[in-house]
Amino acid sequence: MWATYAIIAFSVIGFALEKWSIEATALATLAAFLLLFSVAPGDAAGVTYHDLVMGFANPALITVLSLLMIGQALFNTDALDTPTRILARISGTGITRTLLVLLGAAGAISAFLNNTPVVVMFIPVMTAIAAQRNFDAAKGLMPLSYICILGGMTTLIGSSTNLLVADVAGKEGFDIGFFDFTVPGLMLAAAGALYIIFVMPLILRKRSGLIDQFKPGTGRQFVSQIEITPNHPLLGIQSRLGLFPQLEDMTVMMVVRRAIPIRPPFEELVLSEGDIVIVAATRASLTKALSTGSANVPSHPRDAEPSAEKEIEPDFHLAEAIVSPGSRYVGRTVQGANIRFIEGVIVMGVQRTRRMQHREFREIRLEPGDTLLVGGTMEAISRLRASRDLLLLEWSAAAVPLRRFAPRAIFIFLAIVAMASTGMLPIMVASVLGVLAMIATRCLNVRQAMRTVDSRIFMLVAAALAGAVALEKTGGAAHIANSVVALFEGSPTWVVLSAFFLAIALLTNFLSNNATAVLFTPIAVKIAQGIGAPPEAFISAVIFAANCSFATPVGYQTNLLVMGPGHYRFSDFIKAGTPLVILMWLTYSFVGPWYYGL
């Protein structure tokens with residue numbers, strides 16, 4: 001037991017110091033437990049190496065990874081664009097108001113739906129609005145996880161932890177109703193929400209990675225072209241006051257009609273079939289236009305059929321590459337360079353630091369230092385790494401959302417939420433089936449799915465669950481609980497209740513919250529009966545304290561869900577989550593005795 005305490009302590013120190021990678025620290029922790037229980041004398045508290053490595057197949061880990069894949073499918077199809085726009089209009093422009101609206105909505109929904117799918121639903125919304133409002137997503141994603149945990153602990157079905165406590169308490173002879181602990185739960189949630197919205201964003205550091213430098217919306221303009229083909233969405237539109245309102249995010253530089261350039265101002269010009277519209281646009285606006293069909297892949301004389309008639313394939317990505325000095329393409333036009341046949345990618349846009357002459361897109365002559373926006377499969381873009389003519393900007397590749405698949409992606413996602421929240425299927429089963437459905441309906445491909453697997457989460461969960469098994473089977477968790485109760489023996493009931501809450505709140509960040517709930521509910525009933533206190537007060541303490549999984553990313557699976565998208569480190573959860581654990585403990589130390597009349 002004491003060796004288990006030591007290994008857990010060293011692992012937490014290793015994660016917090018971040019001197020070594022999370023994967024290396026997790027592997028060392030797992031190896032230490034395997035070694036300890038392989039050489040320990042006797043039956044080693046009944047812990048086998050099979051128990052220690054079961055974390056790699058833990059349902060919570062499989063659920064988290066599956067939900068991350070489903071979130072990627074929603075991102076690929078831009079399925080949440082409409083709700084994002086609605087929430088963005090409501091939330092205004094300030095970060096505080098934005099967090100109030102988004103976190104308020106997420107917390108309220110979490111009271112009646114399992115909080116895990118709620119977090120999955122709001123991650124892409126929070127990320128998109130953060131990009132629009134120009135604040136770092138790390139300021140909102142961890143608060144999102146925490147507010148959903150707080151919302152989930154106000155009703156019986158808000159969290160699986162609540163249901164487990166109610167089940168164990170029922171076996172002990174105490175029935176827990178749907179709203180039995182809602183009043184104290186709302187008080188704790190209100191206190192926590194004030195900290196989360198107004199204080200936590202000040203604690204969390206900016207965590208944008210290199211990839212964020214290439215996110216759409218940086219303001220850099222690319223010259224590109226749109227070919228007006230039969231049935232094109234822009235066919236037949238007319239300019240108004242010299243502008244095309246349907247191209248509000250783009251600047252129309254020229255319209256080429258039958259090889260004759262028409263320059264602005266455009267007076268009552270109607271776009272017709274065969275026109276080529278030369279535009280200056282950001283990568284974000286070009287990506288959006290491609291996903292909706294307003295833009296298309298530039299055609300080439302060697303094409304057997306006009307490429308503009310083809311739909312964007314699910315694996316179509318955009319990336320940025322720089323024309324290197326001495327490149328074979330220097331001095332050649334976009335069309336004459338034949339980059340699509342030599343490199344396997346299509347030039348979608350050209351960006352130049354100095355002023356570029358207004359000419360037809362395909363006739364632009366490339367110069368050293370030009371940044372090209374290229375499109376193609378991820379495999380083709382990856383091959384650019386070996387090119388000496390085009391220098392691929394690493395991490396700049398991103399898939400073009402396929403909005404035509406958005407309805408099916410939303411349907412699959414809502415089906416997953418419905419099955420998980422109603423108990424029709426366990427959330428793990430529903431999420432795995434959801435991933436299969438997303439792949440089968442082309443909302444996601446296998447390569448995109450596998451890229452969402454975060455090795456940090458994989459190793460972190462496995463090591464944490466090994467520690468939880470050791471802590472439980474060696475009696476370490478029960479020893480801590482009993483020691484706390486013994487320490488305060490003879491004290492007033494409210495003091496015992498407060499100490500009991502604190503012990504569970506600390507342990508739930510290292511044990512799984514479900515294991516904590518099952519382990520401590522019988523102890524809560526026995527303590528209450530032993531000191532003549534109402535058991536409901538101690539049972540609700542288990543519910544609230546077991547949900548205080550704020551100080552580590554492994555405390556609850558919603559923390560793991562936001563860890564990757566928010567670029568968080570282990571220490572971020574310690575810094576931002578530990579004060580919240582303390583706040584919940586202090587709040588319940590007053591609310592619990594008052595509500596239950598202790």
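Arg283 counts as buried at 5% relative accessibility, where buried denotes under 20% relative accessible area, exposed over 50%, and partly exposed the range in between, evaluated with a 1.4 Å probe on protein chains only. The structure is a predicted model, in which local features require pLDDT of at least 70 and side-chain atom pairs count only at pLDDT 80 or more, whereas totals for chains, interfaces and linings use all residues. Residues are numbered from 1 along each chain as its sequence is written, and side-chain values use heavy atoms, with hydrogens and water left out.

Arg283 forms a salt bridge with Glu320, the closest N and O atoms being 3.1 Å apart; a salt bridge is taken as a side-chain nitrogen of Lys or Arg within 4 Å of a carboxyl oxygen of Asp or Glu. Because Glu320 lies in strand β5 and Arg283 in helix α12 (residues 283–292), the pair ties together parts that are 37 residues apart in sequence; helices (H or I, at least four residues) and strands (E, at least two) are DSSP runs numbered from the N terminus. Strand β5 spans residues 316–323, and Glu320 is itself buried, with a relative accessible area of 2%.

In the whole structure, a search finds eight salt bridges. One pair is Lys473 with Asp51, whose closest N and O atoms are 3.2 Å apart. This pair links distant parts of the chain, with Lys473 in helix α18 (residues 455–473) and Asp51 in helix α3 (residues 49–52), 422 residues apart. Lys473 is partly exposed at 42% relative accessibility, and Asp51 is likewise partly exposed, at 21%. The side chains of Asp275 and Arg257 also meet in a salt bridge, with an N to O distance of 2.7 Å. Asp275 is placed in the loop between β3 (260–262) and β4 (276–282) and Arg257 in strand β2 (residues 250–257), so the pair ties together parts that are 18 residues apart in sequence. At 1% relative accessibility, Asp275 counts as buried. In addition, a network of salt bridges links Arg352, Glu367 and Asp370.

Among the strands, β6 (residues 346–351) is mostly covered, six of its six residues being buried. Strand β6 pairs with strand β7 (residues 371–377) in the antiparallel sense over five bridges, pairing being assigned if DSSP finds at least two bridges between two strands. Within this arrangement, Gly349 stands opposite Leu373 in β7.

Helix α22 (residues 535–546) comprises 12 residues and reaches 16 Å from its first C-alpha to its last, close to the 16 Å expected at 1.5 Å a residue, the expected span being 1.5 Å times one less than the number of residues. Of the 12 residues of α22, 11 are buried, so the helix is largely enclosed by the rest of the structure; the buried residues include Phe538, Ile539, Val542, Ile543 and Phe544. Gly566, in the loop between α23 (557–563) and α24 (570–595), is buried with a relative accessible area of 1%. Gly566 and Ala137 are 429 residues apart in sequence and 6.2 Å apart in space, C-alpha to C-alpha.

At the surface, Leu100, Leu194, Phe198, Val199 and Ile203 make a nonpolar patch of about 420 Å². Patches are made of residues with over 30% relative accessible area and no salt bridge, like charges being joined within 9 Å and nonpolar side chains (Val, Leu, Ile, Met, Phe, Trp, Tyr) within 5 Å; accessible areas come from the Shrake-Rupley method with a 1.4 Å probe, and for residues only the protein chains shown count as cover. Leu100 lies in helix α6 (residues 95–110) and is partly exposed at 41% relative accessibility.
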